[in-house]
Amino acid sequence: MSTVSREQVESILSGIIDPNSNEDLISSKSVKDITINGSAVTVAVQLGYPAAGFKQELTDIVTTALAEQGISDLNVEVSSKIVSHSVQQGVQLLPNVKNTIAVASGKGGVGKSTTSINLALALQAEGATVGILDADIYGPSQPRMLGLKGKPDTTDGKTVEPKVSYGVQSMSIGYLIEEDTPMIWRGPMVTGALEQLLNDTNWQDLDYLIIDLPPGTGDIQLTLCQKIPVSGAVIVTTPQDIALLDARKALKMFEKVNVPVLGIIENMSTHICSQCGHEEHIFGSGGGDQMAKQYDVDLLGSLPLDIRIREGVDNGKPTVAIEPDSEITMNYRDIARRTAAKLAIQSKDYTNKFPKIVIENN
């Protein structure tokens with residue numbers, strides 16, 4: 001092709017669907033620049049989510065699509081830029097935290113905390129700066145999963161520094177009490193403690209803060225969702241009917257407080273035998289997909305019931321950190337990209353763009 005027009009290039013790019021966001025590159029405003037110099041074309045794509053494991057694939061997709069239309073003198077540049085997105089009305093974003101993602105489940109025992117920490121590590125592996133807040137005051141589990149002990153440091157006696165493991169910043173009530181100490185607190189005390197953990201931690205330039213919520217949809221969870229800034233929520237469930245029933249309640253809870261549900265993660269979707277590798281749907285199949293279709297949200301991915309995942313978090317060695325090249329880690333990273341991509345198409349936060357009006361008496 002001797003001469004190329006911008007319209008031709010845009011037309012081709014509009015036919016390329018980003019598998020993470022399910023939107024084409026043009027309508028999602030991912031194409032930031034098209035430079036044409038005779039027959040030479042340079043396309044700059046900027047994704048709104050971390051995508052270290054996807055950039056080369058997208059580069060190849062764009063290159064192939066344009067080459068098929070005769071555009072061979074081509075340079076494709078793919079980058080990522082993560083910005084802040086809006087939270088519930090009347091709730092302020094945290095300083096040094098661009099986005100908060102709540103990970104919730106209607107009931108306990110579905111692997112929500114395990115999914116939370118591996119999701120945080122997967123986002124980090126994709127190129128983001130990530131933290132995790134253990135919001136389960138009654139049953140904190142993140143310290144063990146991250147292999148951390150001891151109280152957090154403080155420089156002023158009022159705020160604390162997040163503890164860091166595998167490059168992920170974290171805060172939990174578990175750092176402040178003994179592991180076997182029960183928290184015999186009523187709801188208001190729990191809410192107050194959680195707000196302190198969130199607001200008095202000196203988070204350092206986070207792209208994403210994962211909030212590992214306690215299971216259930218009671219008064220505590222509802223209060224937390226109304227007071228803590230949440231950019232989007234992820235629901236973790238297993239395929240069995242009883243888990244799906246409670247997961248629906250969690251989804252509706254977020255709808256009531258105007259928090260967008262980014263999607264559903266189906267955990268323990270299949271069991272993989274550690275001896276022979278046989279795969280079996282011991283908790284049923286297709287439940288997460290059916291729920292996603294029923295409520296018009298995305299099924300972000302399915303995770304197996306695998307002994308390596310359980311052993312990893314029990315020993316403070318999460319799979320994504322310890323086995324970075326494993327199939328399970330690749331699965332978590334796929335889910336992380338889809339989660340962040342769904343958040344990227346939500347409305348952005350512009351509070352810092354507007355000037356503050358100050359009235360002074362002169």
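Which residues line the largest cavity?

## The cavity

The lining consists of Ile211, Leu213, Leu224, Cys225, Ile228 and Val230. The cavity they surround has a volume of about 40 Å³. The count of cavities of 30 Å³ or more comes to one. The model is predicted, and every value in this report is computed from it.

## The chain as a whole

The chain holds 11 helices and 15 strands. Of its 362 residues, 49% are buried. The exposed area is about 17,400 Å². Carbon and sulfur atoms supply 47% of that area.

How much of the contact set comes from residues 24 or more positions apart? Such pairs account for 76% of the contacts with a separation of 6 or more.

## Helix α3

Helix α3 covers residues 112–125, which makes 14 residues. From first C-alpha to last it reaches 20 Å. That is close to the 20 Å expected at 1.5 Å a residue.

Is α3 mostly covered or mostly open? Mostly covered: 12 of its 14 residues are buried. The buried set starts with the polar run Lys112, Ser113, Thr114, Thr115 and Ser116. Ile117, Asn118, Leu119, Ala120, Leu121, Ala122 and Leu123 are buried as well. Just after the helix, Gly127 takes a positive phi of about 120 degrees.

## Strand β9 and its partners

Strand β9 spans residues 168–172. Why does β9 count as largely enclosed by the rest of the structure? Because five of its five residues are buried. The cut-off behind that word is under 20% relative accessible area.

In a regular strand, side chains alternate between the two faces of the sheet. In β9, Val168, Ser170 and Ser172 point one way. Gln169 and Met171 point the other way. Residues on both sides are buried.

β9 pairs with two strands described here, β7 and β8. With β7 (residues 130–134) the pairing is parallel and runs over four bridges. Asp134 has Ser172 of β9 as its bridge partner. With β8 (residues 163–165) the pairing is antiparallel, over three bridges. There, Ser165 stands opposite Val168.

β8 and β9 form a hairpin with two residues between them. One residue in the turn, Tyr166, has a positive phi of about 55 degrees.

## Positive phi at two asparagines

Most residues other than glycine have a negative phi. Two asparagines in loops depart from that pattern. Asn96 has a phi near 65 degrees. Asn258 has a positive phi of about 60 degrees.

Where do they sit? Asn96 lies in the loop between β5 (74–80) and β6 (97–104). Asn258 is found in the loop between α7 (241–256) and β12 (261–266).

Their accessibility classes can be read from two cut-offs. Exposed means over 50% relative accessible area, and partly exposed lies between 20% and that value. Asn96 has 45% relative accessibility, so it counts as partly exposed. Asn258 has 63% relative accessibility, so it counts as exposed.

How values were computed: Residues numbered from 1 in each chain as written. Predicted model: local features only at pLDDT ≥ 70, side-chain atom pairs only at ≥ 80, totals over all residues. Heavy atoms only, no water. Buried < 20%, exposed > 50% of the residue type's maximum accessible area, 1.4 Å probe, protein only. Expected span 1.5 Å × (residues − 1). Contact = heavy atoms within 4.5 Å. Areas by Shrake-Rupley, 256 points an atom, 1.4 Å probe, with all protein chains shown as cover. Pairing = 2+ DSSP bridges. 1 Å grid on protein atoms, 1.4 Å probe; cavity = no way out; pocket = protein on both sides within 12 Å on 5 of 7 lines; lining within 4 Å. Points joined across faces, edges and corners; volume = space filled by probe spheres on them.
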